[in-house]
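This report describes the fold of one protein chain for a reader who is new to structural work. Please keep the sequence and the structure in view while reading.

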Amino acid sequence: PGCVGFAACPFRPGGAAALHNLGRVGHIGFIAGEPGVLVIDTGTSYAHGQAVLAAVRSVTDKPVRLALVTHAQPDFIFGGQAFREQGIALRAHSRTAGLMASRCQTCLERLRQTLGDAALRGTVLSRPAQLFEATHHRDLIGGRGVRVLDFVHIDGPGEAVVAARPTSLGFR
């Protein structure tokens, strides 16, 4: 499920972060619109973020315009620096961003103990520059009616779910 739409899947969803899976346990995806791509979550590390971007490029030549961080868990946030280096904005709920600021540096240190320095080379906490407060429907990438749903508190504060209108080919 985490690899649907990717030609060369750099993801190994499921289970706990461990050296054998490089912490790549979260589901990551993307939605392509006419002018660009929205990536949903950024990965566990700088290298994982780079792998996500490479996987998107293997499927479409549309530029990645935005990365949406759906919640503050290590397997979804620490790839952000790879996106920032490419000039791609990070967007999250304000409560998610607050949680990231208050505890995710500690999460990164724990992840470093689990995965080691080599797996996390270049990994830093990149805070989202774009914040939102509630469910909203925006043309985040053009022509694809993306809706970002805020359920107030699923597993943690500020977690979001993304829904997009299907294309004539179904969900992509």
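How many bridges join strand β4 to β5, and do these strands run parallel or antiparallel? There are 3 bridges between β4, which spans residues 89–93, and β5, and the two strands run parallel. The model examined here is a predicted one.

## The sheet as a whole

The strands β1-β2-β3-β4-β5 follow one another in that order in an open sheet of 5 strands, and the pairing is mixed. The edges are formed by β1 (29–32) and β5 (130–132); each has a single partner strand, so one side of each lacks a neighbour in the sheet. Direction ignored, neighbouring strands of the sheet are turned by 25° against each other on average.

In general, the strands of a sheet pair through backbone hydrogen bonds, in either a parallel or an antiparallel manner. Within the pair formed by β4 and β5, H93 has F132 of β5 as its bridge partner. Helix α4 (residues 94–115) packs on the sheet and touches β4 and β5. The direction of helix α4 makes about 100° with that of β4.

## Strand β2 and its neighbours

On one side, β2 pairs with β1 in the antiparallel sense, over 4 bridges. A hairpin of 4 connecting residues leads from β1 to β2. Two of the residue pairs can be named: G29 has I40 of β2 as its bridge partner, and A32 is partnered by V37 of β2.

β2 also pairs with β3, here in the parallel sense and over 4 bridges. I40 stands opposite L68 of β3. Thus I40 takes part in both pairings, with G29 and with L68.

In a regular strand, side chains alternate between the two faces of the sheet. Are the faces of β2 covered or open, and which residues show this? Both faces are covered: V37 and V39 are buried on one side, and L38 and I40 are buried on the other.

## The β-α-β unit

Together, β2, α1 and β3 make a right-handed β-α-β unit. Helix α1, residues 46–59, lies across β1, β2 (37–40) and β3 (64–68). The helix runs at about 140° to β2.

## The loop between β2 and α1

D41 belongs to the loop between β2 and α1. Most residues other than glycine have a negative phi. D41 departs from this pattern, for its phi is positive, at about 80°, although D41 is not a glycine. D41 counts as buried because its relative accessibility is 2%, which is under the 20% limit.

T42 is placed in the loop between β2 and α1 as well. Is T42 buried or exposed? T42 is buried, since its relative accessible area is 0%. The side chain of T42 reaches the backbone nitrogen of G79 at a distance of 3.4 Å.

## A salt bridge

Side chains of opposite charge can pair when their charged atoms come close. How many salt bridges does a search of the whole structure find? The search finds 1. R112 forms a salt bridge with D117, and the closest N and O atoms are 3.9 Å apart. D117 is exposed, because its relative accessible area of 52% is over the 50% limit.

Notes:
Residues are numbered from 1 along each chain as its sequence is written. This is a predicted model: local features need pLDDT of at least 70, side-chain atom pairs count only at pLDDT 80 or more; totals for chains, interfaces and linings use all residues. Side-chain values use heavy atoms; hydrogens and water are left out. Two strands pair if DSSP finds at least two bridges between them. Axes are lines fitted to C-alpha atoms, for helices over the stretch in contact, and angles run from 0 to 180 degrees between N-to-C directions. Contact means heavy atoms within 4.5 Å. Buried means under 20% relative accessible area, exposed over 50%, partly exposed in between (1.4 Å probe, protein chains only). A polar contact is a pair of N or O atoms within 3.5 Å; within protein, one must be able to donate a hydrogen and the other to accept it, and residues adjacent in sequence count only if both atoms are side-chain atoms. A salt bridge is a side-chain nitrogen of Lys or Arg within 4 Å of a carboxyl oxygen of Asp or Glu. A crossover is right-handed if, with the strands pointing away from the viewer, the path from the first strand over the helix to the second runs clockwise.
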